[in-house]
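The following exercises concern helix packing and burial. Each task is followed by a solution that proceeds step by step.

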Amino acid sequence: MESKANFLVTVDGDLRVGTLEQQEAGIRAIRQVHSDMGILGRTTWMINEIDFDWTGQHGRALLEIVDSGECLGVHDHQDTHYAETYTKAFDLMGRSRRRLAAFLEATGRSAALTAHRNGCAIQSEPLYQAAIDLGYTIVSDAWPGVRWYARMVRDGLPPSCWRRMGESDPDAILMDNRLVPLSAIPWRHGPCNWLDFESREGPLLQVPITCMPLVDRGRMESAFANSGSTAFLVLDTHPYDMQDPATGEVSPERVSEYRRSLEWVRDRFQPAFIRLDQVPELLPGSSG
Ligand SMILES: [Zn+2]
């Protein structure tokens, strides 16, 4: 069977490395790669407003992203703030959503804010119930075949103050998505059954992450080979992946490695580069 590939570049708007200026340089560097590849307007930006104050500190960059037609989503690190109950998660997620919506309204822009990604791709009933109640309809957290520990904390020194907790940290959160096959295509679910990749009903559409933070060729090949008629290949990356963690400066080597990895995906699979908000209409069996 001839397979068709859709490739989603999803950029989590965490700005964890360097000064404000260096963070902006990281944003410009990754967008320059997208521009050179002709995919501006066909990527998705998940903005971490709570931790990095995009609307206050990076308003111009945010407007450029919106104005170039990218899908604007929200990326909340509930983990960083220990916002793991429904009440705390709903409060944190509501604040970021309201701040972004107010910024867009004040600048005369509109964006639907339908897509959401949890920090460290953590999945739980309270987080999904909060996402549903806030009006999100597309989520992208499942990481097929992977078991991982995580929680982002800011306890280091500049230029790289942030640390991901690991297995030895008692506060690390353990996730296990080994039951989800890499070939799973996006599925619909409710607040409790997010790992039920055969589910076709529910208020949330889960778009699983094929690889992060950079292109993993083996996982891409495997996902493509086994997805059936339509593959959705999802990269989850960050502006700071373009920066040298030791200095905060944009790293030409990292940028060219990123560029080469996207070119490899383009040449290998001839995919359509799409945004998260386009997934519903492209699912097999959709009438869209
Ligand atoms: Zn993140």
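The model is predicted.

**Exercise 1.** Determine what covers the buried residues of α7 and how these residues are arranged about the helix.

*Solution.*
Step 1. The cover over the buried residues of α7 includes β1 (4–13), β12 (230–237) and α8 (252–269).
Step 2. The buried residues of α7, which spans residues 217–226, are M220, A223 and F224. Viewed down the axis of α7, they fall within an arc of 95°, so they line one face of the helix.
Step 3. On the other side of α7, G218 and A225 are exposed.
Step 4. Just after α7, G228 adopts a positive phi of about 85°.

**Exercise 2.** Identify the residues of α7 that L233 contacts, and place L233 in the largest nonpolar core.

*Solution.*
Step 1. Apart from neighbours within four places in sequence, the contacts of L233 include M220, A223 and F224. These are the buried residues of α7.
Step 2. Also among the contacts of L233 are A5, N6, F7 and L8, as well as V265 and F269.
Step 3. The largest nonpolar core has 72 residues, and L8, A131, I138 and L233 touch the most other members.

**Exercise 3.** Classify the packing of α5 against α6.

*Solution.*
Step 1. Helix α5 (residues 86–106) packs on helix α6 (residues 125–134) at an angle of about 40°, with the axes 9 Å apart.
Step 2. That angle makes α5 oblique to α6.
Step 3. The crossing of α5 past α6 is right-handed.
Step 4. Residues of α5 at this contact include F90, M93 and R97, and those of α6 include L127, A131 and L134.

Methods
Residues numbered from 1 in each chain as written. Predicted model: local features only at pLDDT ≥ 70, side-chain atom pairs only at ≥ 80, totals over all residues. Buried ≥ 20, exposed ≤ 12 C-beta atoms within 10 Å, placed from the backbone. Helix = DSSP H or I, 4+ residues; strand = E, 2+ residues; numbered from the N terminus. Arc of directions from axis to C-beta. Contact = placed C-beta atoms within 7 Å. Core = buried A, V, L, I, M, F, W, Y, C linked by C-beta atoms within 7 Å. Axes fitted to C-alpha atoms, helices over the stretch in contact; angles between N-to-C directions. Parallel < 35°, antiparallel > 145°, perpendicular 65-115°, else oblique. Left-handed = near helix turned anticlockwise from the far one by under 90°.
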